[in-house]
Amino acid sequence: MKIRDRFSLLLLIGLLSFARAADLPEGPGLADRFPGDQNIASNPAVIFSEDFETKDYAARWDDVRNEGKRVLSLVDPALPVLGRHCLQVTADLESNTGGGLTKWFTSSETLFIRFYTKFDRECDYVHHFVTLRANRSLQGEGRWSGFGKAGLLPKGDDYFITALEPAGEWTKWPAPGHWNFYTYWPDMKKAPDGNYWGNSFKPDQQADIKKGEWICAEFMLKHNTPGKPDGEQAYWINGRRMGSWTGIKWRTVPELMANSLTLESYVTDMWTKHQINIVSFDNLVIAKEYIGPTR
């Protein structure tokens with residue numbers, strides 16, 4: 001290929017990626033029609049929603065990690081649009097690594113996950129956060145195929161993972177850090193130690209995550225045509241699109257789809273020095289279209 005032709009191809013790819021990013025919405029979305037997310041589950045685009053307004057919230061989830069029943073609790077969010085209760089996750093490094101909830105669901109070609117979160121003013125670094133996994137099935141052992149895969153390379157027919165989480169860049173940024181995707185997929189890069197640790201997708205420039213205030217976070221995953229690199233992911237903070245990435249080959253078989261979400265604050269002593277680390281969550285929605293902030 002001539003240099004001029006190669007340059008033209010790269011320019012075309014860049015323009016197509018820019019055009020796709022420009023197509024992604026910002027600002028108000030589906031939630032704008034449901035103040036405070038009330039009755040948002042009635043919208044046909046919504047797959048699952050959770051506002052933590054009732055004490056039996058755990059019954060709506062499929063797996064609960066609440067060691068000693070001391071990690072998860074309902075508290076007042078002190079933000080009117082979020083109702084009377086939110087989920088508070090308290091990690092105590094002397095006795096646990098935090099906790100959270102997992103939901104399996106019937107997937108869609110494109111998924112949007114929106115949640116509100118707040119980091120306590122004394123919260124240190126968080127190891128893992130809100131995670132979307134593709135598992136081989138929704139039943140039996142197959143539904144766990146995307147769990148316990150740290151350091152392993154996906155084959156394309158077994159699992160893939162992407163998580164929107166705060167990253168401190170090995171304490172380079174003040175805790176809890178900057179937003180990024182932590183992602184496992186078949187074309188990921190190997191780490192210097194020979195393992196396949198999640199690769200990071202993040203914009204070049206962004207502000208430190210603020211503590212002590214509610215943040216509306218949303219991310220999107222578009223499945224690829226099996227075997228082709230036409231998958232995507234993107235994320236928004238407070239209704240503003242922060243980053244989008246295309247050309248991802250998530251899978252090689254059509255039956256593998258993102259079908260479980262873990263809402264958690266997982267904390268270890270790898271970078272974290274504070275013993276108690278508190279993170280709150282509220283108004284989670286999984287949908288087939290862009291959700292946007294509530295009002």
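These legends go with a set of close-up views of one predicted model.

**View 1. The largest nonpolar core, centred on F115 and F219.**
Start with the nonpolar interior: the largest core takes in 54 residues, and F115 and F219 are the ones with the most contacts inside it. Take F115 as your way in. Beyond its neighbours within four places in sequence, F115 is in contact with F129, V130, L164, I215, C216, A217, F219, L263, F281, D282, N283 and L284. Another core lies apart from this one; it has 15 residues, including L30, I40, W236 and A287.

**View 2. The largest pocket and its lining.**
Here we move to an open space with a volume of about 1200 Å³, the largest pocket in the model. Its lining is made up of 46 residues, and H127, H128, E165, Y182 and G198 are the ones nearest the centre. Several strands give two or more residues to that lining: β2 (63-65), β5 (98-104), β7 (130-135), β8 (160-167), β9 (178-184), β10 (199-201) and β14 (257-266). The biggest giver is β8, with five residues. What sort of residues line the largest pocket, by class? There are 21 nonpolar, 14 polar and eleven charged ones.

**View 3. The second largest pocket.**
This pocket holds about 240 Å³ of space. Look around its wall and you'll find W179, Q206, A207, D208, I209, K210, E213, I215, I237, N238, R240 and M242. Sorted by class, the lining has six nonpolar, two polar and four charged residues. Two of these names turn up in other views: I215 is among the contacts of F115, and N238 is back in View 6 with a positive phi.

**View 4. S145, tucked into the loop between β7 and β8.**
S145 sits in the loop that runs between β7 and β8. Is S145 buried or exposed? With a relative accessible area of just 5%, which is under the 20% cut-off, S145 counts as buried. Its side chain makes two polar contacts worth finding. One reaches the backbone nitrogen of R136 at 2.8 Å, and the other pairs a polar atom of the S145 side chain with the backbone oxygen of D158, 2.9 Å away. Leaving out residues up to four places away in sequence, S145 touches A134, N135, R136, D158 and Y159.

**View 5. Two more loops, with K190 and P176.**
K190 belongs to the loop between β9 and β10. Skipping residues up to four places away in sequence, K190 touches N195 and Y196. Look also for L153: it is 37 residues from K190 along the chain, yet their C-alpha atoms are separated by 8.4 Å. Now find P176, in the loop between β8 and β9. The peptide bond leading from A175 into P176 is cis, with omega near 5°. That's worth a pause, because most peptide bonds are trans.

**View 6. Two positive phi angles, at D37 and N238.**
Most residues other than glycine have a negative phi, so this view picks out two that don't follow the habit. D37 has a phi of about 65° and lies in the loop between α1 (3-23) and β1 (46-50). N238 has a phi of about 50°, and its place is in the loop between β12 (231-237) and β13 (240-248). Which of the words "buried" and "partly exposed" fits each residue? D37 is buried, with a relative accessible area of 9%, whereas N238 is partly exposed, at 46%.

Conventions. Residues numbered from 1 in each chain as written. Predicted model: local features only at pLDDT ≥ 70, side-chain atom pairs only at ≥ 80, totals over all residues. Heavy atoms only, no water. Core = buried A, V, L, I, M, F, W, Y, C linked by side-chain atoms within 4.5 Å. Buried < 20%, exposed > 50% of the residue type's maximum accessible area, 1.4 Å probe, protein only. Contact = heavy atoms within 4.5 Å. 1 Å grid on protein atoms, 1.4 Å probe; cavity = no way out; pocket = protein on both sides within 12 Å on 5 of 7 lines; lining within 4 Å. Points joined across faces, edges and corners; volume = space filled by probe spheres on them. Helix = DSSP H or I, 4+ residues; strand = E, 2+ residues; numbered from the N terminus. Nonpolar A, V, L, I, M, F, W, Y, C, P; charged D, E, K, R; others polar. Polar contact = N/O pair within 3.5 Å; in protein donor to acceptor, adjacent residues only side chain to side chain.
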